[in-house]
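Trainee: I am new to this structure and would like a close look at a single part of it. Could you take me through one element slowly, and tell me what surrounds it?

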Amino acid sequence: MIYDNGRNEYENFIVTEDKFDKRFLGKCEAIMALGNGYMGIRSSTEERYIGEVRDTFVAGTFNKFHESEVTELPNVADVIGLDIYIDGERLNLEQAKIKDYDRSLNLKTGELTRTVVYETTNGNELKIVFNRFVSLADKHIIGQKITILPNVKDVNISIKTGINGQVTNSGVQHFSEGEKRLYENKYLQLVETTTQSQINFVINTVHDFKINNKEIEPDSFIFMDRRKIGNSYDISVKKNEELCIEKISNIHTSRDKENEEYNLDELKKVSYEELKELSSKGYNGLLIRSISEWDKIWEKHDIKISSNDDFDQLTIRFAIYHLTIMTPAHDNRMNIGAKGLTGEGYKGHTFWDTEIFILPYFIYSDPYIARSLIEYRYNTLPGAHKKAEENGYTGAMFPWESAWLEDGEVTPVWGGADIVTGKSTKIWSGFIEQHISADVAFATWQYYQITNDEDFMDKYGYELFMDIAIFWSSRLEYNKETGEYNINDVIGPDEYKEHVNNNAFTNYMAYWSIKTAMGYYKKLKEQKPSVYSRLNKKLKLEEAYQSWCDKVGKIYLPKPNEDSIIPQDDEYLKKEIIDLTKYKNQENVGEIFKDYNLEQVNKIQVSKQADIMALFYLLENLFSKEVKVANYNYYEPKTLHDSSLSLSTHCVLANDLGDNDKAYNLFRRASRIDLGENMRTSDHGIHAASIGGIWQCVVNGFGGVRMLDGILRIEPNLPEDWTDISFPIYWHGDRLMVKITKVGLEIENVTRVNKQIVFMNKGKNYILEDKICILN
Ligand code: BGC
């Protein structure tokens with residue numbers, strides 16, 4: 001991988017692969033994926049290779065293949081793939097004598113470019129340039145351009161191209177075949193319908209050809225096959241002539257918000273007409289439209305980092321790029337998958353990754369999108385109620401893994417191999433990883449405090465809070481011996497500890513959810529009688545409040561012991577301690593499972609990821625610095641960071657606790673999870689939460705931006721290697737530009753909706769009007 005290919009306006013915006021290596025196809029397919037939140041396409045090459053994973057996803061279009069499986073995002077018919085034959089010889093880089101190769105993703109424009117110069121067996125030399133984008137302006141549009149230049153001899157070129165529905169999700173075919181058709185001898189259309197959710201997909205594509213910029217109409221013939229329609233084109237190209245092929249495609253589905261009322265015939269017509277109209281603008285015309293939307297993203301969100309290592313600047317842009325393409329901002333019935341739209345990993349499901357790791361970026365940078373993502377949780381309340389009921393509770397018990405609105409829990413039950421039993425390992429998260437309900441409450445609160453969006457709270461936020469508190473209250477278990485309420489048999493954030501009692505994170509967050517709901521209950525009763533009475537009718541609030549009052553003070557909250565260590569759960573500190581050096585120094589995550597199965601790991605003081613550290617990060621005012629330091633020093637050495645969610649939380653905490661070098665080191669490790677040199681880590685898709693975590697490291701960590709009990713605090717602590725950074729944040733509807741240098745901090749209120757904004761820095765309150773500078 002090459003990271004410093006960008007020049008001038010593209011400096012630190014370009015990620016490059018400079019060598020074709022068929023062993024590592026997954027890496028660039030995922031990290032260079034294209035998308036726009038409506039859809040995502042892995043950047044597999046046009047020509048096919050064994051080992052490739054060719055995926056196209058449309059957000060929210062879940063399908064359940066069989067009762068025994070969980071719902072997943074289906075892999076839509078492929079338009080990217082095409083075969084190129086040069087004098088009868090299929091382009092295949094495994095065999096070709098490659099003279100030059102370069103594949104780059106331009107994060108600024110969202111365009112992928114691959115350049116190949118190679119020698120054919122008959123002694124010709126060809127330069128082929130492949131360009132591609134998924135439009136940020138026209139969300140259904142995919143543009144491709146292929147330019148072929150024979151350098152030594154004239155050639156006969158054949159292209160086999162079209163729409164290929166013979167793709168699967170690791171072998172699972174989610175579609176039944178629909179109609180295939182050619183319109184006007186030019187426009188190809190394929191219809192497919194998901195087998196269970198009955199979502200219609202209409203995919204259209206059209207090709208245009210030019211030689212030396214002059215349109216040509218090559219000989220062609222149409223072919224159809226099962227789930228496949230295409231055209232074959234034959235073209236003669238002279239030495240030094242340039243053949244340019246443009247392929248413009250679109251995808252529409254009956255799940256698109258605007259298409260809900262349409263019937264299939266209309267969907268076919270509308271999508272075909274859209275393609276007809278937009279493709280007339282040509283690849284470049286459509287690309288310009290998309291780039292102007294990307295320009296707006298960078299103008300609004302770019303973060304400037306002056307570091308001794310330019311990789312840091314590239315990293316934050318890589319994060320902003322992926323945060324943009326992973327997010328279905330257009331539709332509040334959809335949310336972000338743990339791998340975005342870049343791979344089959346985690347089946348497109350949404351986890352706490354959104355609330356705790358990704359939402360902070362949107363809350364501080366694009367609150368409108370943050371609101372839509374929380375509205376999704378509101379819209380999934382029927383599923384959350386269903387899950388509570390099935391488990392004997394009441395209220396909103398959010399699924400650990402979430403998909404379509406009414407689906408409820410969609411965590412698969414069986415996972416990877418157990419090296420001891422030889423069976424599949426049972427995945428317990430869907431049954432007992434319950435902190436997600438508190439995470440949703442936390443995100444709602446964070447959104448509200450930072451945006452002041454009262455309209456959101458009236459319509460959705462207060463109700464979410466009440467419903468979640470009702471769940472927790474029903475979930476508490478009374479312990480007669482201690483007179484306290486416990487939460488038994490759960491998995492906390494640390495998934496290497498299953499069936500534990502009183503996981504500190506879960507108990508504190510449940511307590512916090514109920515306590516905060518109680519505050520809102522009083523507020524509604526006193527200040528918002530109409531919201532109160534609506535919710536009281538719907539949720540029997542009076543009754544609920546009574547139960548909260550009875551229970552909240554008796555919830556068991558694990559306290560620091562004589563060494564200031566908070567037990568992660570009732571048993572953790574009693575478990576065996578082993579030498580973890582081997583796993584701490586591992587090259588790939590999960591090495592411990594080569595030696596132990598999960599049951600054995602359960603019995604060792606070893607953690608997958610931040611657990612108590614995540615608690616310190618979220619409820620940071622509840623714990624003293626001394627307690628935080630003691631716990632960091634106790635738990636971090638036992639944490640393998642086997643989840644990509646772990647490093648960023650540790651980075652922010654290490655910085656808070658004064659170990660700036662350690663924090664920077666953790667940031668560098670976090671930023672390499674996807675973008676780094678390890679060619680295997682992203683095979684199943686990028687790590688969405690870790691990418692959100694990169695933004696958290698920069699803004700919440702080194703930038704020191706926090707919301708503490710409703711107050712803005714900005715207390716930067718830059719790494720030694722950084723001279724300055726600047727970034728925007730939104731606070732109570734105002735856009736603030738924060739600039740941090742080695743000498744101090746400057747904040748400007750760019751929009752001035754609020755005359756004054758109060759913020760804290762090193763224990764002192766400041767008032768921001770236009771602009772304020774604080775020297776160190
Ligand atoms: C982590 C979870 C996370 C999930 C999806 C798991 O490996 O342990 O915390 O939510 O991946 O990213």
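Mentor: What follows is a walk along one strand and its pairing partners, with a short look at a helix afterwards. Please keep in mind that this is a predicted model, and that the part I have chosen is strand 18, which runs over residues 243-253. Of the 11 residues in strand 18, 11 are buried, meaning that each has under 20% relative accessible area, and the strand is therefore largely enclosed by the rest of the structure. If you look at one side of strand 18, you will find Leu243, Ile245, Lys247, Ser249, Ile251 and Thr253, while the other side carries Cys244, Glu246, Ile248, Asn250 and His252, and both of these faces are covered.

Turning to its partners, strand 10, made of residues 141-150, pairs with strand 18 in the antiparallel sense over eight bridges, and within this pairing Ile142 has Ser249 as its bridge partner. Strand 14, residues 200-211, also pairs with strand 18 in the antiparallel sense, here over 11 bridges, and in this case Asn204 is matched with Asn250.

For a second example of a covered element, consider helix 10, residues 454-475, in which 17 of the 22 residues are buried. From first C-alpha to last, helix 10 reaches 29 Å, close to the expected 32 Å, although helix 10 bends by about 50° at Tyr460. At the N-terminal end of helix 10, Asp453 acts as a cap, with a side-chain oxygen 3.3 Å from the backbone nitrogen of Asp455.

Methods: Residues are numbered from 1 along each chain as its sequence is written. This is a predicted model: local features need pLDDT of at least 70, side-chain atom pairs count only at pLDDT 80 or more; totals for chains, interfaces and linings use all residues. Side-chain values use heavy atoms; hydrogens and water are left out. Buried means under 20% relative accessible area, exposed over 50%, partly exposed in between (1.4 Å probe, protein chains only). Helices (H or I, at least four residues) and strands (E, at least two) are DSSP runs, numbered from the N terminus. Two strands pair if DSSP finds at least two bridges between them. The expected span of a helix is 1.5 Å times one less than its number of residues. The bend at a residue is the angle between axes fitted to the seven residues ending there and the seven starting there. A polar contact is a pair of N or O atoms within 3.5 Å; within protein, one must be able to donate a hydrogen and the other to accept it, and residues adjacent in sequence count only if both atoms are side-chain atoms.
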